[in-house]
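Please open the model in your viewer and keep the sequence panel beside it, since each stop on this tour begins with a selection. Colouring by confidence is a convenient way to start.

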Amino acid sequence: MAKPHVSMKVGSDGVAVIAIFNPPVNALAIPIFTGLKEKFAEATRRNDVKAIVLTGKGGRFSGGFDINVFQKVHVTGDVSVMPDVSVDLVVNTIEDCKKPVVAAMEGLALGGGLELALGSHARIAAPRTQLGLPELTLGVIPGSGGTQRLPRLVGLPKAIEMMLLSKPILSEEGKKLGLIDALVSSQDLLKVSREWALDIADRRKPWVRSLHKTDKIGSLYEAREVLKAARLQAKKTAPNMPQHLGCLDVIEDGIIHGGYSGVLTEAKVFNELVLSETSKGLVNVFFGQRATSKVPGVTDVGLKPRQIKKVAVIGGGLMGSGIATALITSNIYVVLKEVNSEYLLKGVKTIEGNIRNLETRGKLTKDKAKKAISMLEGALDYSDFNSVDMVIEAVIENIPLKQKIFGELEKVCPGHCILATNTSTIDLSVIGEKTNSQDRIIGAHFFSPAHIMPLLEIVRTNKTSAQAILDLMIVGKAIKKVPVVVGNCTGFAVNRTFFPYSQSAHILAHVGVDVFRIDRVISSFGLPIGPFQLQDLAGYGVALAVSKEFRGAFPDRTFKSPLVDLLIKNGRNGKNNGRGYYIYEKGSKPKPDPSVLPIIEESRRIANMMPNGKIINVTDQDILEMIMFPVVNEACRVLDEGMVVRASDLDIASVLGMSFPSYRGGIVFWADLVGAKHIYERLTRWSELYGGFFKPSSYLEVRAARGVPLVRSKTFRA
């Protein structure tokens with residue numbers, strides 16, 4: 001296969017077509033930048049070249065800068081491996097070229113790809129070409145002049161929206177905004193672009209250097225007002241992400257001091273941001289998500305995925321209806337089975353409501369919504385199960401019931417049918433122990449609401465076949481989930497890792513720390529809600545059932561809090577009945593409920609954990625560490641037991657399943673930024689004060705002593 005390269009062909013019309021080739025998206029790797037400089041130098045030198053067209057091969061302009069280079073910078077800490085694209089290539093070579101340059105774009109022009117086009121003297125695009133600057137999603141800002149040229153072409157408000165929200169637009173909108181000069185069919189793209197370039201050369205069309213345009217910026221006062229509003233919004237919506245304010249500062253610099261000054265400031269700020277913890281975290285998540293699709297012994301042994309056309313879902317409750325919604329909206333037929341017609345009708349109505357909601361929010365067109373509903377059928381028995389390729393059981397967490405269902409499924413489903421359970425805690429070996437089909441029994445653990453949350457934990461036992469795992473991974477991707485393959489233990493990977501999260505919050509509450517302060521600290525760290533509001537949201541029944549499960553599995557490191565029982569006794573059930581730690585009223589945000597404080601006081605008296613009966617004095621940092629370090633400690637055990645393929649799988653699972661902030665890179669990545677030694681020392685100190693719950697794992701202890709990171713490869717064990 002041909003290596004990434006840049007080609008140049010000069011036509012009889014005197015136009016040099018310079019084309020980027022680096023499939024699949026023509027990423028701008030370092031050899032591509034070198035090739036562009038060489039070809040532009042040659043085209044400028046040659047007397048038979050009047051004008052230049054820049055394009056991409058294979059129906060795509062360019063998907064942007066090669067992110068592998070970011071990884072190199074993060075590993076070495078050396079910014080000099082980043083090529084000087086902004087000044088050397090975009091300003092000096094393209095924008096200040098003595099011959100006109102026209103960008104001919106189709107498919108996508110994103111990030112550095114769009115920035116090359118912004119430096120050209122005109123932009124011609126095929127219909128439905130994606131145009132955008134998504135660099136902020138990687139913790140940096142556009143680094144090749146995008147912060148300066150985009151506002152000058154589309155105006156300040158739209159440019160800020162496109163950059164800060166990393167929101168691409170289509171070429172049709174680009175034409176209306178003035179970003180695109182002409183919209184033409186793919187067949188005519190090169191022909192029109194060549195003619196346009198010659199027209200510029202012959203002064204029949206304007207020769208525009210977008211860095212020097214000012215007509216769309218407005219007055220300095222107007223610009224500053226727009227930037228001020230954007231800064232307030234960024235502080236509110238992205239408080240822990242420096243790239244947002246950095247981007248706005250750089251835009252402002254260019255407006256005050258001119259485009260070229262802005263380009264130089266942009267390069268300086270980019271180099272600072274690329275070394276930030278935020279960028280390292282977001283890049284870790286970017287690569288980690290891609291790595292989840294590689295599972296040794298499954299994806300590398302030449303197996304072909306089988307087509308899953310029809311899936312049966314057993315149980316139409318909250319989880320079952322969500323799973324069914326995810327399947328039918330992705331063109332997979334569903335048979336929804338319930339125990340009686342009343343429950344079945346309720347399940348179908350919930351699914352229809354989900355579909356309507358997706359349609360209202362613009363996630364589904366009317367036609368697709370109609371088609372999705374037509375792919376659902378209800379059932380009260382197993383008569384339709386002889387033609388299904390997969391069954392997903394989503395009934396209540398009851399072992400005898402699940403065993404009975406799987407015994408029946410084995411008899412009524414075809415031999416190739418995968419038998420999956422959506423259990424969140426029960427050992428899969430127990431569920432399937434009375435069957436002869438343990439090779440096709442697998443966990444498909446969705447997170448609630450199942451049609452919205454992006455994570456799918458695929459749980460395998462030591463008997464699950466590689467084929468069943470591969471097929472479920474493909475289904476997961478088809479329904480727009482990120483499948484992460486995990487081992488079989490109580491809580492699997494995500495719930496197991498995070499079970500200490502609410503436990504440590506309860507310990508803190510029982511040594512005198514205000515529950516609302518704990519929630520505030522965790523929210524300001526970057527999780528959407530704190531542990532007590534999360535408990536309100538899930539409902540106290542769930543809290544009791546889960547803690548019972550974990551107490552049974554890990555009795556030496558669980559804390560039995562009296563608080564939830566006391567709340568139930570007081571008639572509270574969190575959001576379900578509007579009263580928990582917070583008061584929930586329709587149409588308003590949850591408000592801390594002061595009347596819960598006497599109940600917490602009573603719980604403290606029962607638990608009797610306060611040293612000498614006195615409230616402990618802690619900083620916000622202490623609170624954060626006392627909540628999150630036990631989670632890291634459990635993550636270490638999950639890694640040590642080989643419950644995930646690699647540490648980054650646990651990072652992705654924590655981000656997608658528990659909403660751990662992506663800009664912190666995931667739970668293990670963040671722990672390595674903090675340092676194993678510090679985490680170990682703190683946990684050791686707390687275990688002396690408050691007992692075995694905080695005792696450091698041997699995995700953490702060894703790494704702290706050796707000064708090595710927690711991230712490491714480990715043989716996967718089911």
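The stops below go from overall confidence to an annotated domain, then to single residues and one helix.

Begin with the whole chain, bearing in mind that this is a predicted model; the mean pLDDT of the protein is 95, and 99% of its residues reach 70 or more. Next select residues 713-718, where pLDDT stays under 50, although the model has 23 contacts beyond four places in sequence for this stretch. Where pLDDT is low, the predicted coordinates should not be read in detail.

Now select residues 310-488, which an unreviewed UniProt entry annotates as "domain: 3-hydroxyacyl-CoA dehydrogenase NAD binding". Over residues 310-488 the chain is 40% helix and 21% strand, and the C-alpha atoms at the two ends of the span are 26 Å apart. Narrow the selection to residues 311-336, for which the unreviewed UniProt entry carries the annotation "transmembrane region". In the model, residues 311-336 are 42% helix and 31% strand, with end C-alpha atoms that lie 9 Å apart.

From there, move to helix H14 (residues 341-360) and pick out Arg356, which is found in this helix. Is Arg356 buried or exposed? Its relative accessible area is 52%, so Arg356 counts as exposed. If you draw a distance from the C-alpha atom of Arg356 to that of Pro483, 127 residues away along the chain, the separation is 26 Å.

For a contrasting environment, go to helix H12 (residues 277-291) and select Ser279 within it. Ser279 has a relative accessibility of 0% and therefore counts as buried. Which residues surround Ser279, once its neighbours within four places in sequence are left aside? The contacts of Ser279 are with His74, Leu138, Gly139, Val140, Leu273 and Val274. Show the side chains of Ser279 and His74 together, and you will find a polar contact of 3.3 Å joining them.

The last stop is helix H19, residues 494-510. At 1.5 Å a residue, the 17 residues of H19 should span 24 Å, and because its end C-alpha atoms are 25 Å apart in the model, the expected and modelled spans agree. With a surface displayed around H19, consider that 15 of its 17 residues are buried, which means that the helix is largely enclosed by the rest of the structure. Finally, step just past the end of H19 to Gly512, which takes a positive phi of about 105°.

Definitions and conventions. Residues are numbered from 1 along each chain as its sequence is written. This is a predicted model: local features need pLDDT of at least 70, side-chain atom pairs count only at pLDDT 80 or more; totals for chains, interfaces and linings use all residues. Side-chain values use heavy atoms; hydrogens and water are left out. UniProt positions are given in the numbering used here, feature names are shortened, and annotations may be inferred rather than shown by experiment. Helices (H or I, at least four residues) and strands (E, at least two) are DSSP runs, numbered from the N terminus. The expected span of a helix is 1.5 Å times one less than its number of residues. Buried means under 20% relative accessible area, exposed over 50%, partly exposed in between (1.4 Å probe, protein chains only). A polar contact is a pair of N or O atoms within 3.5 Å; within protein, one must be able to donate a hydrogen and the other to accept it, and residues adjacent in sequence count only if both atoms are side-chain atoms. Contact means heavy atoms within 4.5 Å. pLDDT is the predictor's confidence in each residue, from 0 to 100.
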